[in-house]
Amino acid sequence: MSGTVVVALPGMLCTEQLWTQPGFDLGPDVQLCPVPLRGSTIDEIVAGVLALPYPQMALVGLSLGGIVALGVAAAAPERVSRLAVLSATARPPRPEQQVSWDTMAALTADGAFATITGERLMPVLLNPAHQADPALRAAVVAMADRVGPQRFLEQLRAQHSRTDLRPSLARIACPVLVCAGADDALAPVEAHQEIADGVPRGELHVIADAGHLSPMEQPARVSELLRTWCAAGAA
């Protein structure tokens with residue numbers, strides 16, 4: 001497994017800090033390559049990932065990054081050797097999600113970006129127990145602050161461009177690890193089960209005591225699953 005490179009795609013308002021919580025450890029033989037989401041549509045972000053200089057990628061994505069990762073693997077299955085999808089869905093956006101995105105875009109345009117993560121999103125990003133952890137809440141807000149309002153608006157436009165990926169799942173030939181937070185309020189376990197069932201080689205794991213940001217809420221358990229995933233790819 002020496003020299004394994006894992007391309008990691010974050011969720012909306014997330015950065016590489018997703019993968020740096022105490023207890024998150026992929027081991028000395030894995031090089032994590034965090035790649036920010038750049039583009040105003042899913043297709044643009046997918047094209048950016050495919051432009052990376054890796055003939056084949058072990059690819060992990062969370063939330064919006066997981067949706068992009070599914071798009072990459074469906075568009076160019078020969079480029080993805082292994083895929084891990086966390087806290088994501090292959091379903092198209094729901095009308096209430098689109099309304100929420102438009103509301104957050106309007107708030108951001110009006111100068112209220114700083115309130116969005118802490119006041120509007122925190123209840124659906126962390127499970128109830130972790131919402132009481134001030135250090136974890138501060139880390140989530142710090143990620144959003146680093147993303148900033150302009151890139152957030154791009155990410156919201158990309159969210160609106162999402163389509164139903166379920167018909168394309170059968171094209172994803174590589175092994176797929178699917179990880180769902182048991183308490184995820186944004187991407188329910190059944191949506192993850194759809195992905196695991198829709199790809200030819202899917203495996204679902206449900207992470208106890210975790211919401212939408214499972215690598216930050218349960219870093220040891222998520223990194224253990226990813227280490228096994230990496231090792232199987234090198235076998």
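A polar contact is a pair of N or O atoms within 3.5 Å. The side chain of S161 makes such a pair, with a polar atom 2.9 Å from the backbone nitrogen of I42. The model is predicted. This briefing covers two pockets, the cysteines, three serines and two residues with positive phi.

**S161 and its partners**

- S161 sits in the loop between α6 and β5.
- With 25% relative accessibility, S161 counts as partly exposed, because the partly exposed class starts where buried, under 20%, ends.
- S161 touches T41 and I42, leaving aside residues up to four places away in sequence.
- One of these two, I42, offers its backbone nitrogen, which lies 2.9 Å from a polar atom of the S161 side chain.
- S161 and S40 are 121 residues apart in sequence, yet their C-alpha atoms are 8.3 Å apart in space.

**S168, in the loop between α6 and β5**

- S168 is also placed between α6 and β5 (176-181).
- Its relative accessible area is 10%, so S168 is buried.
- A polar atom of the S168 side chain lies 2.8 Å from the backbone oxygen of L165.

**S87 and its surroundings**

- S87 belongs to the loop that runs between β4 (80-86) and α3 (95-109).
- The relative accessible area of S87 is 1%, so this residue is buried.
- The S87 side chain reaches the backbone oxygen of H212 at 2.7 Å.
- Beyond residues up to four places away in sequence, S87 touches L62, S63, C179, D184, A187, H192, G211, H212 and S214.
- H212 therefore appears twice for S87: in the list of residues touched, and as the residue whose backbone oxygen the side chain reaches, a pair that counts as a polar contact because 2.7 Å is within 3.5 Å.

**Positive phi outside glycine**

- Most residues other than glycine have a negative phi.
- L13 is not a glycine, but its phi is positive, at about 65 degrees.
- L13 lies in the loop between β1 (4-9) and β2 (30-34).
- At 4% relative accessibility, L13 counts as buried.
- S63 has a positive phi too, near 60 degrees, and is likewise a residue other than glycine.
- The loop between β3 (57-62) and α2 holds S63.
- S63 counts as buried, at 14% relative accessibility.
- S63 is among the residues that S87 touches.

**Cysteines without disulfides**

- How many disulfides does the structure hold? The count is 0.
- For C14, the closest cysteine sulfur is in C179, and the 16 Å between the two sulfurs is too far for a bond.
- C14 counts as buried, with 9% relative accessibility.
- For C174, the closest cysteine sulfur is in C230, at 13 Å, which is again too far for a bond.
- C174 counts as buried, with 7% relative accessibility.
- The cut-off explains both cases: a disulfide needs cysteine sulfur atoms within 2.5 Å.
- C179, which holds the sulfur closest to that of C14, is one of the residues touched by S87.

**The largest pocket**

- The largest pocket has a volume of about 420 Å³.
- Its lining has 27 residues, and M12, Q97, W101, Q159 and L186 lie nearest the centre.
- The elements α2 (64-75), α3 and α4 (113-125) each give two or more residues to this lining.
- Which element gives the largest share of the lining of the largest pocket? It is α3, with 5 residues.
- By class, 15 residues of this lining are nonpolar, 8 are polar and 4 are charged.

**The second largest pocket**

- The second largest pocket holds about 180 Å³ of space.
- It is lined by 14 residues, and those closest to its centre are C14, T15, E16, P36 and R151.
- Helix α6 (residues 134-160) gives the most to this lining, with 4 residues.
- The lining of the second largest pocket divides into 8 nonpolar, 2 polar and 4 charged residues.
- C14 thus combines two roles in this account: it is among the residues closest to the centre of the second largest pocket, and it counts as buried at 9% relative accessibility.

Definitions and conventions:
Residues numbered from 1 in each chain as written. Predicted model: local features only at pLDDT ≥ 70, side-chain atom pairs only at ≥ 80, totals over all residues. Heavy atoms only, no water. Buried < 20%, exposed > 50% of the residue type's maximum accessible area, 1.4 Å probe, protein only. Polar contact = N/O pair within 3.5 Å; in protein donor to acceptor, adjacent residues only side chain to side chain. Contact = heavy atoms within 4.5 Å. 1 Å grid on protein atoms, 1.4 Å probe; cavity = no way out; pocket = protein on both sides within 12 Å on 5 of 7 lines; lining within 4 Å. Points joined across faces, edges and corners; volume = space filled by probe spheres on them. Nonpolar A, V, L, I, M, F, W, Y, C, P; charged D, E, K, R; others polar.
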